[in-house]
Amino acid sequence: MARRTDKQSTAPHVADSHDLIRVHGARENNLKDVSIELPKRRLTVFTGVSGSGKSSLVFDTIAAESQRMINETYSAFVQGFMPTLARPEVDVLDGLTTAITVDQQRLGSDPRSTVGTVTDVHAMLRILFSRLGKPHIGPPGAFSFNVASVSASGGMTVDRGGDRTKTEKVTFSRTGGMCTHCEGRGTVSDIDPAQLYDDSKSLNEDPFTIPTYTGDGWIVRVIRESGFFDPDKPIRKFTKKERHDFLYREPTKVKINGVNLTYEGLIPKLQKSMLSKDREAMQPHIRAFVDRAVTFGACPECHGTRLSEQARSSKIKKVSIADACAMEIRDLAEWVRALDEPSVAPLLTALGQSLDSFVEIGLGYLSLDRASGTLSGGEAQRVKMIRHLGSSLTDVTYVFDEPTIGLHPHDIQRMNNLLLRLRDKGNTVLVVEHKPEAIAIADHVVDLGPGAGTEGGTVCYEGPLEGLRGSGTVTGRHLDDRAQIKESVRKPTGKLAVRGANAHNLRDVDVDIPLGVLTVVTGVAGSGKSSLVHGSIPAHEGVVAVDQTAIRGSRRSNPATYTGLLDPIRKAFAKANGVKPALFSANSEGACPTCNGAGVIYTDLAMMADVSTVCEDCGGKRYDASVLDYTFGGRDISDVLAMPVAEAEEFFGSGDARIPAAHRILTRLADVGLGYLTLGQPLTTLSGGERQRLKLATNMGDKGGIYVLDEPTTGLHLADVEQLLGLLDRLVDSGKTVIVIEHHQAVMAHADWIVDLGPGAGHDGGRIVFEGTPADLVAARTTLTGEHLAEYVGA
């Protein structure tokens with residue numbers, strides 16, 4: 001018996017045989033029947049050019065199916081409150097574990113959202129101050145800038161049964177920490193009335209300069225016919241009461257032509273309709289108006305802290321919660337460690353661990369009151385990582401989307417160590433990545449390609465890292481590429497003087513940025529690069545800024561609509577056929593009536609995933625059949641939207657179909673490496689790198705002399721960086737000044753001039769530590785950037 005037991009113990013347990021995640025027949029987006037096997041409890045890196053299908057495989061297939069299957073374990077009632085997920089286009093997915101995704105999506109830019117609120121650290125601080133703060137002012141809500149103080153009293157009728165009722169007096173009060181003046185935003189908006197209307201005109205003379213406030217629109221009719229003013233009197237001659245009613249009157253019911261409507265003063269109406277929206281979500285003409293008419297400044301009552309005077313009065317060791325949130329997190333961590341209060345020991349331990357995670361991940365320079373919408377893509381991703389660092393979960397799948405974005409080469413090693421630590425705890429780590437330093441730590445590599453879009457979607461290599469170099473794939477060939485320092489640099493044509501820059505952590509920086517050359521601003525994350533470039537370079541008409549804010553677009557938006565390419569094409573179709581341009585818009589008169597121009601019909605199945613079927617009437621072409629009878633250059637409008645950019649560039653560049661305005665936009669799209677995209681491809685299907693380049697191509701058309709680019713290599717494959725450098729060269733050679741915030745050593749080596757900030761992050765940064773050519777930076781090796789660039793170029 002003893003021998004038999006012994007023999008059984010050496011055989012592997014059947015439960016240990018499930019050590020692979022198997023994917024067979026994946027067809028999501030551009031994937032072409034991809035079949036791979038990924039080892040569990042290992043670090044797998046997915047590589048390939050931008051648009052090759054990495055995110056489709058990792059996020060839209062593996063992570064999405066794991067999330068969907070977990071959601072299905074909840075009751076139908078609970079599922080009704082959760083996002084509905086369709087099963088990915090895949091034949092077999094086997095061996096999945098719980099997936100935790102940490103993506104590049106920017107954190108919400110709600111004005112009340114801060115680093116403290118999105119990480120729950122602020123919630124712990126509120127509890128701490130409600131227990132230890134002197135004087136004691138109330139529960140945790142008394143320290144929240146999202147909770148207003150309210151009080152009420154009145155009579156409540158209680159039914160005693162039968163005809164007996166009793167009225168009882170009830171009082172209610174809640175102590176909140178919100179500053180009443182700015183409503184917890186920390187900033188107040190000051191609207192300049194001179195930018196809203198021409199006060200020399202009367203209401204009948206169409207005085208408004210506000211978008212959508214047109215002479216015959218309902219908005220203006222309500223103002224004009226409200227009865228509060230003489231519509232023929234110039235606005236500047238209004239009495240004090242008329243002026244107050246015109247600008248500030250509370251909502252009041254009025255009757256116009258027998259219709260009950262609401263009249264409201266101009267300022268509160270604008271604050272509700274325009275100023276309550278995220279600036280980036282506004283249409284360009286609305287955004288231009290808001291930038292012109294509104295100035296934002298710190299709230300004079302709370303001094304930008306968002307908190308009421310009462311909330312700021314309660315202190316622990318002479319520090320209020322507003323002071324604590326304004327500290328750099330590494331300093332706050334020290335302060336928390338110094339508190340010795342046994343009554344709240346578990347809270348102090350949890351708070352200290354969360355703050356230490358910030359420091360460990362390289363975000364110790366942030367403060368808790370920093371608005372979450374101002375974080376860069378890389379910072380946002382690392383903030384999301386914080387809650388997973390101290391987690392005791394094992395055997396889960398962590399999915400990361402380019403975790404090294406926004407990281408200086410000096411910080412990449414720290415990020416690599418964090419990924420390896422997650423793996424060593426027994427987790428499966430899947431990483432989409434382009435940086436050679438991050439690919440180097442992989443246990444297993446999956447290379448997708450060979451190209452992008454329709455030319456991608458296949459596995460070109462799968463196996464250990466050593467085999468990738470000899471595989472002959474695009475990634476394998478470029479993995480050891482190293483740019484060389486330029487032998488000669490361009491001579492500047494002038495200089496842009498920045499004096500006394502002190503935004504955020506900058507310390508009265510004086511710097512001359514050369515004009516007519518390629519300047520790279522670099523330094524560790526948090527050293528003050530964005531503060532210097534975006535905060536100090538005057539945003540006049542000559543400056544075109546391409547930042548990291550996400551492209552917003554629905555499934556109806558596509559490269560043709562986003563870039564403005566469709567406008568000249570629609571006009572050319574209309575002129576050639578003698579009809580209205582609106583006929584050639586799938587969102588207007590030309591839309592297929594069955595699917596309303598969507599091309600597909602969506603069926604809502606409550607907590608089940610929505611079902612989308614191709615519209616039978618238009619066959620997915622989105623247009624009414626009569627519109628497709630009109631042609632231009634032998635093609636109908638749906639044929640044009642199905643063209644790749646490269647083909648459309650040739651089509652509209654010569655012959656009968658020549659449209660110079662469209663050709664210019666298509667040339668720019670091809671220049672940034674998007675020649676493979678079809679004009680009608682929904683924006684929602686584009687990868688992060690493709691969206692960034694689409695934005696760059698769109699902004700290249702602006703008439704500006706200075707281009708400011710914020711990390712344009714984000715999401716770019718090693719092979720694409722070379723093409724980007726060629727594009728930057730063309731911009732400079734055409735007489736433009738290009739200023740790039742960048743960490744990629746190939747871009748630094750290619751620069752004519754480098755401005756290096758540092759030496760550290762937060763209060764350790766904010767100074768210029770080097771100005772000069774890349775060759776001088778490498779020769780000096782006096783900064784972190786200089787050391788890493790010298791190592792990169794082999795100097």
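Buried means under 20% relative accessible area, exposed means over 50%, and partly exposed covers the range in between, with a 1.4 Å probe and protein chains only. The model is predicted, so local features need pLDDT of at least 70 and side-chain atom pairs count only at pLDDT 80 or more, while totals for chains, interfaces and linings use all residues. Residues are numbered from 1 along each chain as its sequence is written, and side-chain values use heavy atoms, with hydrogens and water left out.

**View 1. The surroundings of T114, a buried residue.** T114 has a relative accessible area of 1%. It sits in the loop between β5 (99–102) and α4 (115–118); helices (H or I, at least four residues) and strands (E, at least two) are DSSP runs, numbered from the N terminus. Apart from neighbours within four places in sequence, T114 is in contact with F145, R306, L368, D369, R370, A371 and S372, contact being heavy atoms within 4.5 Å.

**View 2. A patch of negative charge on the surface.** The patch gathers D198, E205, D230 and D232. Patches are made of residues with over 30% relative accessible area and no salt bridge, like charges being joined within 9 Å and nonpolar side chains (Val, Leu, Ile, Met, Phe, Trp, Tyr) within 5 Å. Asp and Glu count as negative and Lys and Arg as positive, whereas His and the chain ends are not counted. The place of a charge is taken as CG of Asp, CD of Glu, NZ of Lys or CZ of Arg. One of the patch members, E205, lies in the loop between β8 (187–191) and α6 (218–224). E205 is partly exposed, at 46% relative accessible area.

**View 3. A nonpolar surface patch.** Y74, F77, V78 and F81 make this patch of about 470 Å². Accessible areas come from the Shrake-Rupley method with a 1.4 Å probe, and for residues only the protein chains shown count as cover. Y74 is placed in the loop between α2 (54–71) and α3 (76–79). With a relative accessible area of 40%, Y74 is partly exposed.

**View 4. Two cis peptide bonds, one before P135 and one before P450.** The bond from K134 to P135 is cis, and its omega is near -5°. P135 belongs to the loop between α5 (121–132) and β6 (150–159). G449 and P450 are also joined by a cis peptide bond, with omega about 0°. P450 is in the loop between β16 (444–449) and β17 (458–463).

**View 5. Positive phi values at D206 and K317.** D206, a residue other than glycine, has phi near 55°. Its loop runs between β8 and α6, and D206 is partly exposed at 35% relative accessibility. K317 is not a glycine either, yet its phi is positive, at about 50°. K317 lies in the loop between β12 (315–316) and β13 (319–320) and is exposed, with 58% relative accessible area.

**View 6. Salt bridges of R185 with E183 and of D199 with R236.** Side chains of opposite charge can pair when their charged atoms come close. A salt bridge is a side-chain nitrogen of Lys or Arg within 4 Å of a carboxyl oxygen of Asp or Glu. The whole structure contains 36 salt bridges. In one of them, the side chains of R185 and E183 meet at 3.4 Å, N to O. R185 is partly exposed at 29% relative accessible area, and E183 is partly exposed at 44%. In another, D199 pairs with R236, and the closest N and O atoms are 3.1 Å apart. D199 is in the loop between β8 and α6 and R236 in the loop between α6 and α7 (240–248), so this pair ties together parts that are 37 residues apart in sequence. D199 is partly exposed, at 31% relative accessible area, while R236 is exposed at 55% relative accessibility.

**View 7. The salt bridge between D752 and R490.** The two side chains meet at 2.7 Å, N to O. D752 lies in the loop between α27 (745–750) and β26 (753–758) and R490 in the loop between α18 (474–478) and β18 (494–501), so the pair ties together parts that are 262 residues apart in sequence. D752 is buried, at 2% relative accessibility, whereas R490 is partly exposed, with a relative accessible area of 22%. Salt bridges with shared partners join D752 and R490 with K486, D729 and D733 in one network.
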